[in-house]
Amino acid sequence: MSVLSKAEIFKSIKEGEIEITPFDPSAVGCASVDLTLSNEFRFYKPGRSVVAVNEETDFKTLTEKVVLEDGKPYLLLPGTACLGITSETIKLSPRICGLLEGRSRFARLGLFVHISASFMNPGISNRQVLEIFNASNNALELYPGTKICQFIFLKLLGEGQYSGKFSMNAL
């Protein structure tokens, strides 16, 4: 696998290997594309239940969805997690996959934007769910519209097509 450079990202977009909707050309960096935080979040319901970690467990039973009004931040308290989602939809050909990563400017504040599961399969067509955690001692305000994470595109040897449980990512 090879990481796509800025020129290769633009070339892959032109050739239809990568689609980003909505697309902001200024979000393309030297080897990634910055993605925007939407106004949709899921917070974990208070409680101290025992949760089975298995294939049948549904995160939606443990969380509650909130959609913020324009201009309003989501307040993430120290030591807590929430789910967010990107505004952009990413569509990849069967020859492209990727990695979803946080941005260092926010990591330095103690914000983990994507805790795990950073690999994005070839052939996806969805918005990216963000597993967000506040590792700092401060409450952090998360503003929709912020370029919160980055998508790194990889050229796949051969082809693949994801069709699993989260192929239609949504909060």
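# Why the labels apply: reasoning from values

Reader: How many disulfides does the count come to?

Author: The count comes to zero disulfides, and it should be said at once that the model in which they were sought is a predicted one.

Reader: What makes you say that C97 is in no disulfide?

Author: The nearest cysteine sulfur to that of C97 belongs to C149 and is 17 Å away, whereas a disulfide requires two cysteine sulfur atoms within 2.5 Å; C97 therefore does not meet the rule. For C149, the nearest cysteine sulfur is that of C82, at 13 Å, and with the cut-off at 2.5 Å C149 is likewise in no disulfide.

Reader: Do C97 and C149 count as buried or exposed, and how do you know?

Author: C97 has a relative accessibility of 0% and C149 has 0% as well; since buried means under 20%, C97 counts as buried, and C149 counts as buried too.

Reader: Turning to the rings, how many aromatic pairs does the structure hold, and why is the pair of F10 and F23 given the class it has?

Author: There are four aromatic pairs. In the pair of F10 and F23 the ring centres are 6.3 Å apart, which satisfies the requirement that centres lie within 6.5 Å, and the planes stand at 80 degrees; because angles over 60 degrees count as edge-to-face, that is the name given to this pair.

Reader: What makes this a pair that links distant parts of the chain?

Author: F10 lies in helix α1 (residues 6-14) and F23 in the loop between β2 (18-21) and β3, with their positions 13 residues apart in the numbering. F10 has 32% relative accessibility and F23 has a relative accessible area of 32%; as the range from 20% to 50% is called partly exposed, F10 receives that label, and so does F23.

Reader: Why is the pair of F41 and Y74 called what it is?

Author: The ring centres of F41 and Y74 are 4.6 Å apart and the planes meet at 15 degrees; planes under 30 degrees apart count as stacked, so F41 and Y74 form a stacked pair. F41 belongs to strand β3 and Y74 to strand β5, 33 residues apart, and both F41 and Y74 are buried.

Reader: How do you know that E17 forms a salt bridge with R95?

Author: The closest N and O atoms of E17 and R95 are 2.7 Å apart, and a salt bridge needs such a nitrogen and oxygen within 4 Å, so the pair qualifies as one of the five salt bridges that the structure holds. E17 sits in the loop between α1 and β2, while R95 sits in the loop between β6 (81-92) and β7 (96-102), 78 residues apart. With a relative accessible area of 10%, E17 is buried, whereas R95, at 32%, is partly exposed.

Reader: What makes K147 and D24 a salt bridge?

Author: Their closest N and O atoms are 3.6 Å apart, which still falls within the 4 Å cut-off. K147 is in strand β12 (residues 147-155) and D24 in the loop between β2 and β3, 123 residues apart; K147 is partly exposed with a relative accessible area of 23%, and D24 is partly exposed with 32%.

Reader: How do you know that E40 forms a salt bridge with K65, and in what network are E40 and K65 linked?

Author: The closest N and O atoms of E40 and K65 are 3.2 Å apart, again within 4 Å, and the bridge joins strand β3, which holds E40, to strand β4 (residues 63-67), which holds K65, across 25 residues. E40 and K65 are linked with R127 in a network of salt bridges. At 15% relative accessibility E40 counts as buried, while K65, with 38%, is partly exposed.

Reader: Which peptide bond is cis, and what is its omega?

Author: The cis bond joins T21 and P22, with omega at about -10 degrees, and P22 is placed in the loop between β2 and β3. Most peptide bonds are trans.

Reader: Finally, how much space lies in the second largest pocket, and which residues are the closest to its centre?

Author: The second largest pocket holds about 220 Å³ of space; it is lined by 13 residues, of which F43, Y44, K45, T80 and A81 are the closest to the centre. Strands β3 (33-44) and β5 (74-76) are the elements that give two or more residues to this lining, and β5 contributes the largest share, three residues. By class, the lining has nine nonpolar, three polar and one charged residues.

Note on methods: Residues are numbered from 1 along each chain as its sequence is written. This is a predicted model: local features need pLDDT of at least 70, side-chain atom pairs count only at pLDDT 80 or more; totals for chains, interfaces and linings use all residues. Side-chain values use heavy atoms; hydrogens and water are left out. On a 1 Å grid over the protein atoms alone, a cavity is a set of points where a 1.4 Å probe fits but cannot get out, and a pocket is an open set with protein on both sides within 12 Å along at least five of seven lines; lining residues have an atom within 4 Å of a point. Grid points are joined across faces, edges and corners, and a volume is the space filled by probe spheres set on the points. Helices (H or I, at least four residues) and strands (E, at least two) are DSSP runs, numbered from the N terminus. Ala, Val, Leu, Ile, Met, Phe, Trp, Tyr, Cys and Pro count as nonpolar, Asp, Glu, Lys and Arg as charged, and the others, Gly among them, as polar. Rings of Phe, Tyr and Trp (its six-membered ring) pair if their centres lie within 6.5 Å; planes under 30 degrees apart count as stacked, over 60 as edge-to-face and the rest as tilted. Buried means under 20% relative accessible area, exposed over 50%, partly exposed in between (1.4 Å probe, protein chains only). A salt bridge is a side-chain nitrogen of Lys or Arg within 4 Å of a carboxyl oxygen of Asp or Glu.
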